[in-house]
Amino acid sequence: MDAIDRKILLTLQEDASLSVAEIGQRVGLSSTPCWKRIQKLEAEGVIQRRVAIVDQDKVGLGITVFVSVETDDHSEGWLGRFAGAVSAMPEVMEFYRMAGDVDYMLRVVVQDMQAYDAFYKRLIAASPLKNVTSRFAMEKIKSTTSLPIP
């Protein structure tokens, strides 16, 4: 990946709806070579997909919860069942296996406290858990989907 590919990635992360011609103009290429580079980045899996970013508050999902999970079972079978159950829950935006004092961290978005309670009940029913801690975000100070491409 060269400097032009990096510029293409930065441009697409800001606005994936730009035309190939506009992207090319911003990175110093004509349309055809720019399109070929974008196709190559997609084929290599560097660009995974292009999406619309929706304002969660404007669609009624005003609560963000960071949920840390601890378990006593670290077997592959347990993880497979737990990961499958959690991945199927549409409220879970991000799901990580962690190093340190918690085993898993989830970022969850819900409409209100009742919706979180329903989610929580489904979560604890999915697999045996040692501890679940919920931290409610009071204010979003920074949120970006753009990676800092070096």
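Val69 sits in strand E1 of this predicted model. Its relative accessible area is 0%, so Val69 is buried, the cut-off for that class being under 20%. Setting aside residues up to four places away in sequence, Val69 touches Phe82, Val102, Asp103, Tyr104, Leu106, Leu129 and Asn131. A further pairing concerns Met98, which is 29 residues from Val69 in sequence, with 9.6 Å between the two C-alpha atoms.

**Overall fold and extent**

The protein has 5 helices and 4 strands. Their order along the sequence is α-α-α-β-α-β-β-α-β. The radius of gyration is 20 Å, well over the 15 Å that the globule rule gives for 150 residues, so the protein is more spread out than a compact globule. Along the principal axes, the C-alpha trace spans about 55 × 35 × 25 Å.

What share of the 150 residues counts as buried? The figure is 27%. The accessible surface of the protein comes to about 10,100 Å², and carbon and sulfur atoms hold 53% of that area. Among contacts with a separation of 6 or more, 62% are between residues 24 or more positions apart.

**Val110 and Gln111**

Val110 belongs to strand E3, while Gln111 is in the loop between E3 and helix H5 (113-126). Are these two residues buried or exposed? Val110 has a relative accessible area of 3% and is therefore buried, being under the 20% cut-off. Gln111 has 55% relative accessibility and therefore counts as exposed, which requires over 50%.

With neighbours within four places in sequence left aside, Val110 is in contact with Leu61, Gly62, Ile63, Glu91, Ala115 and Tyr116. On the same basis, the contacts of Gln111 are Gly60, Leu61, Gly62 and Ile63. Leu61, Gly62 and Ile63 thus appear in the contacts of Val110 and in those of Gln111.

**Val51 and the sequence-distant pairs**

Val51 is placed in the loop between helix H3 (31-43) and E1. Val51 is exposed, with a relative accessible area of 55%. Its C-alpha atom is 7.7 Å from that of Ala16, a residue 35 positions away along the chain. The table sets this pair beside those of the other residues described above.

| Residue pair | Separation in sequence | C-alpha to C-alpha distance |
|---|---|---|
| Val69 and Met98 | 29 residues | 9.6 Å |
| Val51 and Ala16 | 35 residues | 7.7 Å |
| Val110 and Glu91 | 19 residues | 6.3 Å |
| Gln111 and Asp57 | 54 residues | 8.8 Å |

Glu91, the partner of Val110 in the table, is also among the residues that Val110 contacts.

**The largest pocket**

Rolling a probe the size of a water molecule over the atoms shows where empty space is left. The largest pocket holds about 1,700 Å³ of space. Its lining consists of 37 residues, and those closest to the pocket centre are Val51, Ile53, Arg107, Thr144 and Thr145. The loop residue Val51 is thus one of the residues closest to that centre.

Which elements give two or more residues to the lining? They are helix H1 (3-14), strand E1 (63-70), strand E2 (92-97) and strand E3 (104-110). H1 gives the most, with 4 residues. E1 is also the strand that holds Val69, and E3 is the strand that holds Val110.

How many residues of each class are in the lining of the largest pocket? There are 18 nonpolar, 8 polar and 11 charged residues.

Key: Residues are numbered from 1 along each chain as its sequence is written. This is a predicted model: local features need pLDDT of at least 70, side-chain atom pairs count only at pLDDT 80 or more; totals for chains, interfaces and linings use all residues. Side-chain values use heavy atoms; hydrogens and water are left out. On a 1 Å grid over the protein atoms alone, a cavity is a set of points where a 1.4 Å probe fits but cannot get out, and a pocket is an open set with protein on both sides within 12 Å along at least five of seven lines; lining residues have an atom within 4 Å of a point. Grid points are joined across faces, edges and corners, and a volume is the space filled by probe spheres set on the points. Ala, Val, Leu, Ile, Met, Phe, Trp, Tyr, Cys and Pro count as nonpolar, Asp, Glu, Lys and Arg as charged, and the others, Gly among them, as polar. The radius of gyration is taken over C-alpha atoms; the globule rule is 2.2 Å times the number of residues to the power 0.38. Buried means under 20% relative accessible area, exposed over 50%, partly exposed in between (1.4 Å probe, protein chains only). Contact means heavy atoms within 4.5 Å. Accessible areas come from the Shrake-Rupley method with a 1.4 Å probe; for residues, only the protein chains shown count as cover.
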